Amino acid sequence: VLESVNIGPCLDLWTFDYLKEKIGNERQVIVHHSPTPSMNFHAKNFKYVKQSFGEFLDMAAKGAHLYLRSTSSKNPAQRPAILTEDFPEIANDFRLPPEILLPVNDFHSSALRISSDVNMWLHYDVMANVYCQIRGNRRLVIYPPSDITRLDFPAGSTTSRLGFFDTNSSSSQFDGIPGTSPIEAALKPGDVLFIPPLWPHTGAPEGGVSIAVNVFFRNLSAKEYAAGRDVYGNRDLQPYEDGRRDLEKIVRRFDHGVPADIARAYLSRLADELK
């Protein structure tokens, strides 16, 4: 966590009234609506609702369980969010200082995030990113990549099935998962959190609405990233996607004509050799 970073006049300007005036009350946005403070991606216990920006902010101010993660205003299905393109009215209010921009030599996206009394599910991003807190406070819990196999991530998914973030609890709930090393971070306005690739994390606002800008960048060679669309910066690396296809081919070779106990013994040997 880099504390009290000068990320621009947004720290003073971005009140609800200011955002409504600049972006427009009637601007249509897609918002996650949840009946509870705990969103679960796999259970899909929330809905995507298209509504006016002004109505969204009014509901958020009243404590509704809402989450806005901006998407591209030009082509949300194909392009990543870029603050200067999607919200040019407020983009100049935010800036990363040169010290932070030094490693960001392959920019991917910059997303506006506004959440009210709702948590983000546990997930990891494949690209490195910096999370810049602008208004409100946010609490995050982060795990090293070595913990992924202990956090119930289904094969081929960047999102965990665990849904344990209690936004009303002030004590840690994360120490009870054997073999994991959770790190808690408390962000206040002006704090910037660096999240390396494949570090699972979950977060929730504390005591009100949280506003942030999340900047993603590629920190590996371009050939390592999977070709094609990657709107959110969380598509797994090409070697992993190739490896999963190779694994399917290996398993299919034992599908026909090989007794189950023999196939299991050979596959277990291959798994040990891979380790």
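Q: Why does Pro239 count as partly exposed?
A: In this predicted model, Pro239 has 46% relative accessibility. Buried means under 20% and exposed means over 50%. The value of 46% falls in between, so Pro239 counts as partly exposed.

Q: Where is Pro239 placed?
A: Pro239 is in helix H7, residues 238-252. Pro239 and Ala226 are 13 residues apart in sequence, and their C-alpha atoms are 8.0 Å apart in space.

Q: How do you know how far the prediction can be trusted, in terms of pLDDT?
A: The mean pLDDT of the chain is 92. A pLDDT of 70 or more is reached by 94% of the residues. Among the elements, helix H1 (residues 10-13) has the highest mean, 98, and helix H6 (residues 98-101) the lowest, 80.

Q: Which stretch has a pLDDT below 50?
A: That is residues 167-171. The stretch has six contacts in the model beyond near neighbours in sequence. Where pLDDT is low, the predicted coordinates should not be read in detail.

Q: Why is there no disulfide between Cys10 and Cys132?
A: A disulfide needs two cysteine sulfur atoms within 2.5 Å. The sulfur of Cys10 is 8.4 Å from the closest cysteine sulfur, in Cys132, so the gap is too far for a bond. Cys132 is likewise in no disulfide, with the sulfur of Cys10 as its nearest cysteine sulfur. By this rule the count comes to zero disulfides.

Q: Are Cys10 and Cys132 buried or exposed?
A: Cys10 has a relative accessible area of 0%. Cys132 has 0% too. The cut-off for buried is under 20%, so Cys10 is buried and Cys132 is buried.

Q: What makes up the largest nonpolar core?
A: This core has 32 residues. Trp14, Leu19, Phe53, Phe94 and Ile114 have the most contacts inside it. Several elements supply at least two residues each, including helix H2 (16-23), helix H3 (53-61), strand E4 (107-116) and strand E9 (201-217). In soluble globular proteins, nonpolar side chains tend to be buried together.

Q: Which residues does Ile114 touch?
A: Leaving out residues up to four places away in sequence, Ile114 touches Phe53, Phe56, Leu57, Leu66, Tyr67, Leu68, Val209, Ser210 and Ile211. Apart from the largest core lies another, of 12 residues. Among them are Tyr124, Tyr143, Ile148 and Phe216.

Q: Why is the aromatic pair of Phe46 and Trp121 called stacked?
A: Ring centres must lie within 6.5 Å to pair, and planes under 30 degrees apart count as stacked. Phe46 and Trp121 are 5.3 Å apart, centre to centre, with 15° between the planes. Both values meet the cut-offs, so the pair is stacked. By this rule the count comes to six aromatic pairs.

Q: What parts does the pair of Phe46 and Trp121 tie together?
A: Phe46 lies in the loop between E1 and strand E2 (47-52), and Trp121 lies in strand E5 (residues 120-123), so the pair ties together parts that are 75 residues apart in sequence. Phe46 is buried at 7% relative accessible area, and Trp121 is buried at 10%.

Q: Which residues form one aromatic cluster?
A: The members are Phe41, Phe46, Tyr48 and Trp121. Lys44 lies over the face of Phe41, at 3.6 Å from the ring centre.

Q: How do you know that His32 counts as buried?
A: His32 has 9% relative accessibility. The limit for buried is under 20%, so His32 counts as buried. Its place is in strand E1. Setting aside residues up to four places away in sequence, His32 touches Met39, Phe46, Lys47, Tyr48, His65, Leu66, Tyr67 and Trp121. His32 and Leu237 are 27 Å apart, C-alpha to C-alpha, and 205 residues apart in sequence.

Q: What is the phi of Ser4, and what is that of Asp152?
A: Phi of Ser4 is near 55°. Phi of Asp152 is near 60°. Each is a positive value in a residue other than glycine. Most residues other than glycine have a negative phi.

Q: Why is Ser4 called exposed, and why is Asp152 called partly exposed?
A: Ser4, in the segment before H1, has a relative accessible area of 60%. That is over 50%, so Ser4 is exposed. Asp152 lies in the loop between E6 and strand E7 (183-187). Its relative accessible area is 31%, between the two cut-offs, so Asp152 is partly exposed.

Methods
Residues numbered from 1 in each chain as written. Heavy atoms only, no water. Buried < 20%, exposed > 50% of the residue type's maximum accessible area, 1.4 Å probe, protein only. Core = buried A, V, L, I, M, F, W, Y, C linked by side-chain atoms within 4.5 Å. Helix = DSSP H or I, 4+ residues; strand = E, 2+ residues; numbered from the N terminus. Contact = heavy atoms within 4.5 Å. Phe/Tyr/Trp six-rings, centres within 6.5 Å; stacked < 30°, edge-to-face > 60°. Lys NZ or Arg CZ within 6 Å of the ring centre and 35° of its normal. pLDDT = per-residue confidence, 0-100.
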